[in-house]
Amino acid sequence: MPTLAVYPGSFDPLTNGHVDIIERGARLFDRIIVAILVNAEKSPLFSMAERVDIARAVFKNHPNVEVDTFDGLLVDYVARRQANVIVRGLRAVSDFEYEFQMALMNRELASTIETVFMMPAVKYSYISSRLIKEVFALGGKVHGLVPDMVEARLREKQAARV
Ligand SMILES: Nc1ncnc2c1ncn2[C@@H]1O[C@H](COP(=O)(O)OP(=O)(O)OP(=O)(O)O)[C@@H](O)[C@H]1O
Ligand SMILES: [Mg+2]
């Protein structure tokens, strides 16, 4: 049976930590779906359309990476897509407790779906979307921490605001 994995998140915006996990997943599984959660935050910096656009552009040369959106219960989406694996990234011990709870709850809800955790390269292990937005807003350099397209879009948003 081919393994189809779903990597869910808000990706507001996509960071090189996410990209690292997606590339690892694309090597490990037959196909990986980057599933962007609709309405995760009430006021995201990047619209749904922008987040989809960015992920599609970044992975345009990866034929087994698909970008989609979802709403509602993750396990319902995973079942609907007939996927068998949920991929999550683990950065540090601080991610562990929440991820452990979610994985066990998802198993309770859908016992045939396995959650697989992957560690990013150490150089990306401290990056979060929230931190990127904070640092950029305060004038810090995010080059090398996000895809070039994300850096360009952050600049455009900043220019539009002043
Ligand atoms: N730098 C990273 N390395 C490995 N995994 C990551 C990294 N950043 C996020 N992830 C994982 O990606 C998944 C999606 O996370 P999410 O969309 O919340 O990103 P985030 O960077 O944590 O954003 P936010 O700061 O808004 O919470 C989660 O499993 C999260 O642990
Ligand atoms: Mg997060």
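In which helix do glutamate 151 and arginine 155 both lie, and how many residues apart are they? In this predicted model, both residues belong to helix α6 (residues 148-161), where a spacing of four residues places them about one turn of the helix apart. Their side chains form a salt bridge, with an N to O distance of 2.7 Å. The two partners differ in accessibility class: glutamate 151 has a relative accessibility of 9% and counts as buried, whereas arginine 155, at 48%, is partly exposed.

The structure holds 12 salt bridges. Another of them joins arginine 24 to aspartate 20, whose closest N and O atoms are 2.6 Å apart. These residues are separated by about one helical turn, because they are four residues apart in helix α1. Aspartate 20 is buried, with a relative accessible area of 10%, and arginine 24 is partly exposed, with a value of 29%.

A further salt bridge connects the side chains of arginine 81 and glutamate 66 at 2.8 Å, N to O. Arginine 81 is in the loop between α3 (74-80) and β4, while glutamate 66 is in strand β3 (residues 65-70), so this pair ties together parts that are 15 residues apart in sequence. Glutamate 66 falls under the 20% cut-off for buried residues, its relative accessibility being 18%. Arginine 81, at 24%, counts as partly exposed. Both residues belong to a network of salt bridges in which Arg31, Glu66, Asp68 and Arg81 are linked.

The loop between α3 and β4 also contains glutamine 82. Its phi is near 55°, a positive value in a residue other than glycine. Glutamine 82 is exposed, with a relative accessible area of 69%. A positive phi, of about 50°, is likewise found at phenylalanine 11, which is not a glycine. Phenylalanine 11 is placed in the loop between β1 and α1 and counts as buried at 5% relative accessibility. Proline 13 is found in the loop between β1 and α1 as well, and the peptide bond leading to proline 13 from aspartate 12 is cis, with omega near 0°.

The largest pocket has a volume of about 980 Å³. Its lining comprises 40 residues, of which Pro8, Gly9, Ser10, Arg88 and Glu99 are the closest to the pocket centre. Two or more lining residues are given by each of β1 (4-9), α1 (16-28), β4 (85-89), α4, β5 (114-118) and α5 (129-137). Helix α4 supplies the largest share of the lining, nine residues. Sorted by class, the lining has 20 nonpolar, 12 polar and eight charged residues.

Phenylalanine 100 is placed in helix α4, which spans residues 93-109. At the surface, Val93, Phe96, Phe100 and Leu104 make a nonpolar patch of about 410 Å². Phenylalanine 100 has a relative accessibility of 44% and counts as partly exposed; a residue needs over 30% relative accessible area to be included in a patch.

Note on methods
Residues numbered from 1 in each chain as written. Chains lettered and ligands numbered in written order. Predicted model: local features only at pLDDT ≥ 70, side-chain atom pairs only at ≥ 80, totals over all residues. Heavy atoms only, no water. Patch = residues over 30% accessible without salt bridge, like charges linked within 9 Å, V, L, I, M, F, W, Y side chains within 5 Å. Areas by Shrake-Rupley, 256 points an atom, 1.4 Å probe, with all protein chains shown as cover. Salt bridge = Lys/Arg side-chain N within 4 Å of Asp/Glu carboxyl O. Buried < 20%, exposed > 50% of the residue type's maximum accessible area, 1.4 Å probe, protein only. 1 Å grid on protein atoms, 1.4 Å probe; cavity = no way out; pocket = protein on both sides within 12 Å on 5 of 7 lines; lining within 4 Å. Points joined across faces, edges and corners; volume = space filled by probe spheres on them. Nonpolar A, V, L, I, M, F, W, Y, C, P; charged D, E, K, R; others polar.
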